[in-house]
Amino acid sequence: MSAYQNTIDFARAQDAADPLRDFRNDFHFPQHEGKPVIYFAGNSLGLQPKAAAAALKQELDDWATFGVEGHFNAKHPWYSYHEELTASTARLVGALPEEVVVMNQLTSNLHFLLVSFYRPHGKRVKILSEQRPFPSDTYAFASQIQFHGLDPATCLVEMVPRSGEHTLRTEDITQKIAELGDELALVCFGAVNFLTGQAFDIRAITEAAHHVGAKAGFDLAHAAGNLHLKLHDDGPDFACWCSYKYLNSGPGGVAGAFVHQRHLGKDLQRFAGWWGHDKKERFKMEREFKPMPTAEAWQVSNAPVLPMAVHRVALEQFDRAGMERLRAKSIQLTGYLRWLIEGISAANGNIFNIITPSDPADSGAQLSILVNGDGRGIFKRIAERGVVCDWREPNVLRMAPVPMYNSFEDAYRFAQILNASRS
Ligand SMILES: *Cc1c(COP(=O)(O)O)cnc(C)c1O
């Protein structure tokens, strides 16, 4: 017998026992016919924390009051604003404080890190990534390869699942890395693939890459705030992420970067800017660049305080909730939603095929459903009934039950709507 039940009472009992249930009240939910939508799109754009407006207003007020003096006199001085985000960020991704920095945006950070960690030479020129990473990452890899005068057609290698399978097996990835051997310069995967929701084994991939003398980096766009990450211990050379998906920091929010301790204070190639210069001497405005001994060495520009104000309150919520508790709830909540959808599918000629791996070790708060039938129509009908999720051509329905603000009742009501929207 299953531990789950397809009843509203069961769902409400789960919510009543959820230690994180009150966080839901700290977010603005879009409304549908006078009621909150079922918001399963937190992997595209997280909801707005109610505390965001006051945090933004604080900076606007301080700007009005102090003008340029706000750099030092604001309640949260702008000069060192990004430093206020360091400790929470390190906890969030399982890093040492000196290994992380909040700066720029995701694809920009990927480029800056590739400058340092994709250094093709001799026959070691290739980048290995997963099949169909988010297109921005593909553009970044290909343009970096071209930047070095090389050809993406031969230098960019993408791993394809075995025939008949939708996701990759770790043993196939590590074997591919071993095969590429001394032709491999870098392995760079999305830690969670945006389309399938598959979470990759960061440690195994990193170890395999290092074993053949290659670097390993991860795009955490769909992993930060979703998985319980341990970047320092798992040992990748670098990682980067955005803050507007699971991290609820607003459209185009400021992004993050990780550089492993082993690379800090080293004489690496980088594209430099004044905010990466040793902060004690930054305003001496000297000609020669002297990098910070931390991941802050990769900063190029001064901190974008307005998006950082929102990010700060969003990170405070993660600190209060704790990734361990979020992850525990996430496994239960995603498991419940999966069980409900599989029940509908089994009763209706296997109309839904969930391609996201079912083992919690291989997935996070996302389910990707391959629809056998009129997927677009189903997507349209559930949207009309107050569900916000995501559709990817040709026939994948993606949803993210986010542990920070989604409830078991959301999952139950979603399943009711999905069942009513099959045709
Ligand atoms: C969301 C996402 C992006 C978006 O890049 P931006 O620079 O934030 O616009 C890039 N890569 C991945 C893997 C993503 O999921």
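Is D319 buried, exposed or partly exposed, and what is its relative accessible area?

## Accessibility of D319 and its partner

In this predicted model, D319 is partly exposed, its relative accessible area being 32%. The value falls between the limits of under 20% for buried and over 50% for exposed residues, and D319 is therefore placed in the intermediate class.

The side chain of D319 forms a salt bridge with that of R91, with an N to O distance of 2.8 Å. This contact joins distant parts of the chain: D319 belongs to helix α11 (residues 305-321) and R91 to helix α4 (residues 86-93), with the two positions 228 residues apart in sequence. R91 is exposed, at a relative accessible area of 51%.

## A link between helices α1 and α14

A further salt bridge pairs R12 with E409, whose closest N and O atoms are 3.1 Å apart. Because R12 is located in helix α1 (residues 8-16) and E409 in helix α14 (residues 408-420), the pair ties together parts of the chain that are 397 residues apart in sequence.

Both partners carry the label partly exposed: R12 has a relative accessible area of 44%, while E409 has a relative accessibility of 22%.

## The K280 and D278 pair

K280 and D278 also form a salt bridge, their closest N and O atoms lying 3.8 Å apart. The distance is within the 4 Å cut-off, so the contact qualifies as a salt bridge.

The two residues fall into opposite accessibility classes. K280 is exposed, with a relative accessible area of 71%, whereas D278 is buried, with a relative accessible area of 9%.

## Salt-bridge total and network

The count for the model comes to 24 salt bridges. Among the residues involved in such contacts, R162, E165, R169, E171 and D172 are linked to one another in a network of salt bridges.

## Nonpolar surface patch

Apart from these charged contacts, the model has a nonpolar patch on its surface. L60, W63 and L306 make up this patch, which covers about 300 Å².

One of the contributors, W63, is found in helix α2 (residues 52-66). W63 is exposed, with a relative accessible area of 54%. This value is over the 50% limit, and W63 is therefore classed as exposed rather than partly exposed.

Technical notes:
Residues numbered from 1 in each chain as written. Predicted model: local features only at pLDDT ≥ 70, side-chain atom pairs only at ≥ 80, totals over all residues. Heavy atoms only, no water. Helix = DSSP H or I, 4+ residues; strand = E, 2+ residues; numbered from the N terminus. Buried < 20%, exposed > 50% of the residue type's maximum accessible area, 1.4 Å probe, protein only. Patch = residues over 30% accessible without salt bridge, like charges linked within 9 Å, V, L, I, M, F, W, Y side chains within 5 Å. Areas by Shrake-Rupley, 256 points an atom, 1.4 Å probe, with all protein chains shown as cover.
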